[in-house]
Amino acid sequence: MEGIDLLAFEKELYKEGITLIAGVDEVGRGPLCGPVVACACILPKNYSLEGLNDSKKLTEEKREALYDIIMEEAVAVSCISYGPEKIDELNIYEATRQAMYEAIRTLTVPAEAVVADAMKLPDLTIPVESIIKGDSKSANIAAASIIAKVTRDRYMKSLDVEFPGYGFGIHKGYYTELHKEAIEQQGVTPLHRKSFEPIKSIVRWVK
């Protein structure tokens, strides 16, 4: 991204001889349904990819194109999804953090350090830096955000076959007018997070 060195944080770690840096990000904390998806991604040292940026600032077409390149060129990628039951059990914040830990732990090449988008990860035994808006400041985090976003979006689209009429492929589980109408007409699905409002109140009322 023009004006911002997406390797600024990585270069500080390179100086210490650390090159296997996992960027960690998530997508899906806000929706009423579907999983939260966390990704850990290690890019090659001094990696550069035109258009690499925070996934939210990219078009779907651009994300899909970058996804394919990143998956091919990354040193290692791990994507972990936690569904509604896990989210309801732990709460969304803790479910997100545990998914991040698992993504880091399951990398096929162990990370020497981690840069995470905003989330604090105190249980890690390797160097970790939590960066506010890290997905637009770090190449590794930006790559992780793209992988997580594309992975979740593809999954939500696939649900249109199993749950027709809900529009999951359109709103991806966020509470839009379309989603609201679908819930009113067809009810709550097993994909909905029962700890989230208004689902929580609907489920209580149905009981």
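# Exercises on a predicted model

The crossing of H2 and H5 is left-handed (the near helix is turned anticlockwise from the far one by less than a right angle; clockwise would be right-handed). This is a predicted model: local features need pLDDT of at least 70, side-chain atom pairs count only at pLDDT 80 or more, and totals for chains, interfaces and linings use all residues. Residues are numbered from 1 along each chain as its sequence is written, and side-chain values use heavy atoms, with hydrogens and water left out.

## Exercise 1: two helices

Describe the crossing of helix H2 and helix H5, and sort the residues of the contact.

**Solution.**
Step 1. Find the helices. H2 covers residues 60–73, and H5 covers residues 139–162. Helices (H or I, at least four residues) and strands (E, at least two) are DSSP runs, numbered from the N terminus.

Step 2. Take the axes. They come within 9 Å and cross at roughly 115 degrees. Axes are lines fitted to C-alpha atoms, for helices over the stretch in contact; angles run from 0 to 180 degrees between N-to-C directions.

Step 3. List the residues in contact (heavy atoms within 4.5 Å). H2 brings Glu 60, Arg 63, Glu 64, Leu 66, Tyr 67, Asp 68, Ile 70 and Met 71. H5 brings Ala 143, Ile 146, Ile 147, Lys 149, Val 150, Thr 151, Asp 153, Arg 154 and Lys 157.

Step 4. Sort them. The contact of H2 with H5 has eight nonpolar, one polar and eight charged residues. Ala, Val, Leu, Ile, Met, Phe, Trp, Tyr, Cys and Pro count as nonpolar, Asp, Glu, Lys and Arg as charged, and the others, Gly among them, as polar.

Step 5. Look at one pair in this contact. Arg 154 lies over the face of Tyr 67, at 4.4 Å from the ring centre. The test: NZ of Lys or CZ of Arg is within 6 Å of the ring centre and within 35 degrees of the ring normal.

## Exercise 2: rings

Which residues do ring pairs link into a cluster?

**Solution.**
Step 1. Know the description. A pair of aromatic rings is described by the distance of the centres and the angle of the planes.

Step 2. Apply the rule. Rings of Phe, Tyr and Trp (its six-membered ring) pair if their centres lie within 6.5 Å; planes under 30 degrees apart count as stacked, over 60 as edge-to-face and the rest as tilted. The count comes to three aromatic pairs.

Step 3. Take one pair. Phe 163 and Tyr 166 are edge-to-face, with 6.4 Å between centres and 85 degrees between the planes.

Step 4. Take another. Phe 163 and Phe 168 are edge-to-face too, at 6.2 Å and 75 degrees.

Step 5. Join them. Phe 163, Tyr 166 and Phe 168 form the cluster. Phe 163 and Tyr 166 are both buried, and Phe 168 is buried as well.

## Exercise 3: buried or exposed?

Is Ala 40 buried or exposed, and which residues does Ala 40 touch?

**Solution.**
Step 1. Set the cut-offs. Buried means under 20% relative accessible area, exposed over 50%, partly exposed in between (1.4 Å probe, protein chains only).

Step 2. Place Ala 40. Ala 40 lies in strand S2 (residues 36–42). Ala 40 is buried because its relative accessibility is 0%.

Step 3. List its contacts, leaving out residues up to four places away in sequence. Ala 40 touches Gly 23, Val 24, Ala 76, Val 77, Ser 78, Ala 103, Ile 104 and Leu 107.

Step 4. Follow one partner. Ala 103 is in helix H4. Ala 103 also has 0% relative accessibility, so Ala 103 counts as buried.

Step 5. Turn to the loop between S2 and H2, the place of Ser 55. Ser 55 is buried because its relative accessible area is 5%. Beyond four places in sequence, Ser 55 contacts Arg 63, Ser 145, Ile 146 and Lys 149.

## Exercise 4: backbone

Where do Asn 46, Asn 91 and Pro 198 lie?

**Solution.**
Step 1. Recall the background. Most residues other than glycine have a negative phi, and most peptide bonds are trans.

Step 2. Check Asn 46. Its phi is near 60 degrees, a positive value. Asn 46 is in the loop between S2 and H2. With 43% relative accessible area, Asn 46 is partly exposed.

Step 3. Check Asn 91. Its phi is near 90 degrees, again positive. Asn 91 lies in the loop between helix H3 (84–90) and helix H4 (92–105). Asn 91 is partly exposed, at 42%.

Step 4. Check Pro 198. The peptide bond from Glu 197 to Pro 198 is cis, with omega near 5 degrees. Pro 198 lies in the loop between helix H7 (177–186) and helix H8 (199–206).
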